[in-house]
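Work through the exercises below with the model open beside you. Try each task before you read its solution.

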Amino acid sequence: MQNYIFPENFEYKIGFDKIRQYITAHCLSSLGAEKVSEMTFSTEYEYINKQLHQVREFMRILREEDDFPTDGFYDVREALKKIRIEGTHLVEKELFYMRRSLETIQSVIRFFKQKQEKNDYPHLIELAEGISSFPQLTKQIDAILDQFGKIKDKASPELYRIRQQLTQTVNSISKTLQNILRTIQAEGLIEKDVSPTIRDGRLVIPVLPAYKRKIKGIVHDESASGKTVYIEPAEVVDANNRIRELEAEEKREILNILTSLTNIIRPEIPEIVHSYQFLAEIDFIRAKTLFSFDIGAIFPDFENKQQINWINAVHPLLYLSYRKQNKSVVPLDIELGCSKDMPENENTGASNNSGNVRILIISGPNAGGKSVLLKTVGLLQYMLQCGIPVPVGERSRAGIFKHIFLDIGDEQSIENDLSTYSSHLTNMKFMLKNSGAESLILIDEFGSGTEPQIGGAIAEAMLQCFNEKQCFGIITTHYRNLKTFAENHDGVMNGAMLYDHHLMQPLFLLSVGNPGSSFAVEIARKIGLPEDIIKLATEKVGQDYVDMDKYLQDIIRDKRYWETKRRQILQKEKRLEELTKRYQTDWEKIESQRKEIITKAQTDAERLLSKASAQIENTIREIKNAQAEKEKTKKIRKELEEFKQSLTEKPSHFTGSKLPVPVKKQQINTQLPNTGFSIGDFVRIKGQRSIGEIIEKKEKKFIVAFGVIKTTLKAEQIETVSRNMVRRERAVDSVITANSSDSLSEKKMRFKPEIDIRGMRGDEALQAVTYYIDDAIQCNAGRVRILHGTGSGILRQIVRDYLKTVIGIRNFQDEHVQFGGTGITVIELE
């Protein structure tokens, strides 16, 4: 089956023509702009996937690399086309642009070759394979052109000789004219400040008309006012003629040089053009990447099947427009063709066919966002299949469609004798004939434009046909029979654009699972339609008919409330399972440590007992050997007491385990000198709430245990806490421990090992880094990175100054030059 994009002006209707304009504005040359104009909708999965990966890799380059070449993107293909004919040649400017663009191609290829070993950018590296950069040709151009694109004097020996003679001749004429000037100035024929000038390429002297016959020579010109004539003295006529001859010789020699070099270039033209195609691709990919940054686009999970599962999707043109007005776009969650095990989003309700939805019937009030939703789906899918990332949220999934059919707006045609409804029916006829299971249909105001009852019936019949053909689609309508059809048929589901009937304004949120109300009566009342008219209309259709919309909204509201409750319960159950699993793991770990501690304690006790027994036996033996000599016995007893004392003084609050064993206060009564703190004291960090216990002194610092976490602190950083306060804090901690554990667990799951503060102001960056480092320490991150860029170095200095004041950082340094260098600070935490 042929691939269809319908109608012919599809791009204009969804706004893709403006997308082309935005991307073209980011191109560096006509090379990339031409690629943008050639960009087309594709149905080849591998091709689209490669295009998207190329953009994603270029996103990394622009974020992480500082040395990617962006100068010298010149298009000289027209000049190359011109010189295919023998006898033609390139001019200096064309050669200069070719030399600069070839140098750019060399730099790009060199960049990717340097990254080839790590394979950082595989799809872009593949693009650069087999591309010639013509270094020899660049050298040959450099041999004849200077840095400004002009022919060098030494481009050839002959040119050098000609220009030397030209210089000598000009100097000779200047000297002669200066002598003549001095002579005629002395005679008072010209003013003293007059100097030689050039007319028709010849050096002449400006003279008043009254004295022109007093100077021998040729009159070449006169001023517009007629008050000055320009005379070439007879003494320099021959020399000026020689200059003309030398200039003609110079032009001929330059032409010979350019022709010779062009003859060298001519056989290489096909390969050079191929290299320029590579440069065009790079320019094109870069432009798409920059546009992706503009709209906040990402690379969704792209699969080779028909599906749409977009989270927080926004219309890119609406986003750009609103951003200029400092307004935000309400994102949309849209799902088509998703499997039953897909998690529900915030605005999606449950339904008996929610796992098999292919067609969404969207209803709701006018100006509520239905048409914007339709255009958003059409534009984003079209962009994606043109190889452009789309503005959707993380975890979004996208698929591929072979056909996209659109029917939106008024297509009446006087020339073809088509009314609005006839035009819609003509479009429907084409869609019904050519659509299938790989088609995406987008229809606005389905069935409108004619008498409602028959129009609704025809629309329902066509909807049934689309459903039987397994089409995918978004259809907006006000017809109740279509909403009923969606409720009663698999594969089709109702959806509503939400409306705040208290504030009487649209919310622009999509809710899937129930039909929406048109709020005709409420909107009529809001705009000030007379109440008697509204009352009369209500009587004509019946109060029950009007109340039905109200009841429907109540049902939707209640359903959303209970769905929210259900999701909250599921989240809490999931969290409870995670906590149970974590507590079980922790309990097993503690039990294992307890056994290790007991085993170690038994081993230590046996060792001490064995050592004590040996010492006692040795003492007894020495007493016997000394034959109860008094002084000797006292000495032996003293050694025994010292040995006993050494056993009792050994620290008993660690037993080889990583966990501290509680130490009774009365066991240690020695105050640490010059500090005011003793081992076993309860303290806290100044300005903090957490209470810990001093377990060891290390030089001039203390090791304080905060639960199972130990940290080393100076005396001036801590303060003593009373036991009453300890009891109160422990009572509070026992209440909040569970919540804190849950919060920390969630924080660890969300924590990322790097933060990007580029573009922030100094105070914003400092606040962001402060919060980030606090989270990193809480999550035991170990090693993190801060991306601050190079620029003027202000952000880097602010970050470094702050890091010097933070307790818990082992060290920090610049990232390796291959991964960002001075633009990134790497931090290792204790």
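## Exercise 1: One helix, two sides

Task: Compare the expected span of helix α14 with the distance between its end C-alpha atoms.

Solution. This is a predicted model. Step one: helix α14 covers residues 420-434, which is 15 residues. Step two: at 1.5 Å a residue, α14 should span 21 Å. Step three: the end C-alpha atoms of α14 are 22 Å apart, which agrees.

Task: Which residues of α14 are buried, and how are they arranged around the axis of the helix?

Solution. Start with the list. The buried residues of α14 are Tyr421, Ser423, His424, Asn427, Met428, Met431 and Asn434. Now look down the axis of α14. The buried residues fall within an arc of 165°, so they line one face of the helix. Then turn to the other side of α14, where Lys429 and Lys433 are exposed. Last, find the cover. The buried residues of α14 are covered by elements including β1 (4-6), β11 (403-407), β12 (439-443) and α15 (452-468).

## Exercise 2: The whole chain

Task: How many helices and strands does the protein chain have, and what share of its residues is buried?

Solution. Count the elements: the protein chain has 23 helices and 24 strands. Next, take burial. Of the 830 residues in the protein chain, 42% are buried. Then consider the contacts with a separation of 6 or more. In the protein chain, 69% of these join residues 24 or more positions apart. Finish with the surface. The accessible surface of the protein chain is about 46800 Å², and carbon and sulfur atoms account for 51% of that.

## Exercise 3: Cysteines

Task: How many disulfides does the structure hold, and why does cysteine 471 not bond to cysteine 465?

Solution. Recall the chemistry first. A disulfide covalently joins the sulfur atoms of two cysteines. This structure holds 0 disulfides. Now check cysteine 471. Its closest cysteine sulfur belongs to cysteine 465. The two sulfurs are 7.7 Å apart, too far for a bond. The cut-off for a disulfide is within 2.5 Å. Add the burial: cysteine 471 is buried, at 0% relative accessibility. Cysteine 386 is also buried, with a relative accessible area of 5%.

## Exercise 4: Salt bridges

Task: Which parts of the chain does the pair of glutamate 94 and lysine 82 tie together?

Solution. Begin with the principle. Oppositely charged side chains can pair when their charged atoms come close. The structure holds 32 salt bridges. In one of them, glutamate 94 meets lysine 82 at 3.1 Å, N to O. Glutamate 94 is in helix α6 (residues 92-114) and lysine 82 is in helix α5 (residues 77-82), so the pair ties together parts 12 residues apart in sequence. Lysine 82 is partly exposed, at 36% relative accessibility.

Task: Where do arginine 266 and glutamate 86 lie, and is each one buried or exposed?

Solution. First, the pairing: the side chains of arginine 266 and glutamate 86 form a salt bridge (3.4 Å, N to O). Arginine 266 sits in the loop between α10 (237-265) and α11 (269-295), and glutamate 86 in the loop between α5 and α6, so this pair ties together parts 180 residues apart in sequence. Now the accessibility. Arginine 266 is buried at 10%, whereas glutamate 86 is exposed at 62%.

Task: Which residues are linked in a network of salt bridges?

Solution. Trace the charged side chains. The network links Glu158, Arg161, Arg242, Glu245 and Glu249.

## Exercise 5: Backbone exceptions

Task: Which peptide bond is cis, and what is the phi of arginine 395 and of asparagine 780?

Solution. Start from the usual case. Most peptide bonds are trans, and most residues other than glycine have a negative phi. Now the cis bond: it runs from phenylalanine 6 to proline 7, with omega near 0°. Proline 7 lies in the loop between β1 and α1 (10-14).

Next, the positive phi values. Arginine 395 has a phi near 70°. It is in the loop between α13 (370-384) and β10 (397-398). Arginine 395 is exposed, with a relative accessible area of 62%. Asparagine 780 has a phi of about 50°. Its loop runs between α22 (762-778) and β22 (783-787). Asparagine 780 is exposed, with a relative accessible area of 61%.

Conventions: Residues are numbered from 1 along each chain as its sequence is written. This is a predicted model: local features need pLDDT of at least 70, side-chain atom pairs count only at pLDDT 80 or more; totals for chains, interfaces and linings use all residues. Side-chain values use heavy atoms; hydrogens and water are left out. Buried means under 20% relative accessible area, exposed over 50%, partly exposed in between (1.4 Å probe, protein chains only). Helices (H or I, at least four residues) and strands (E, at least two) are DSSP runs, numbered from the N terminus. Contact means heavy atoms within 4.5 Å. Accessible areas come from the Shrake-Rupley method with a 1.4 Å probe; for residues, only the protein chains shown count as cover. A salt bridge is a side-chain nitrogen of Lys or Arg within 4 Å of a carboxyl oxygen of Asp or Glu. The expected span of a helix is 1.5 Å times one less than its number of residues. The arc is that of the directions from the helix axis to the C-beta atoms.
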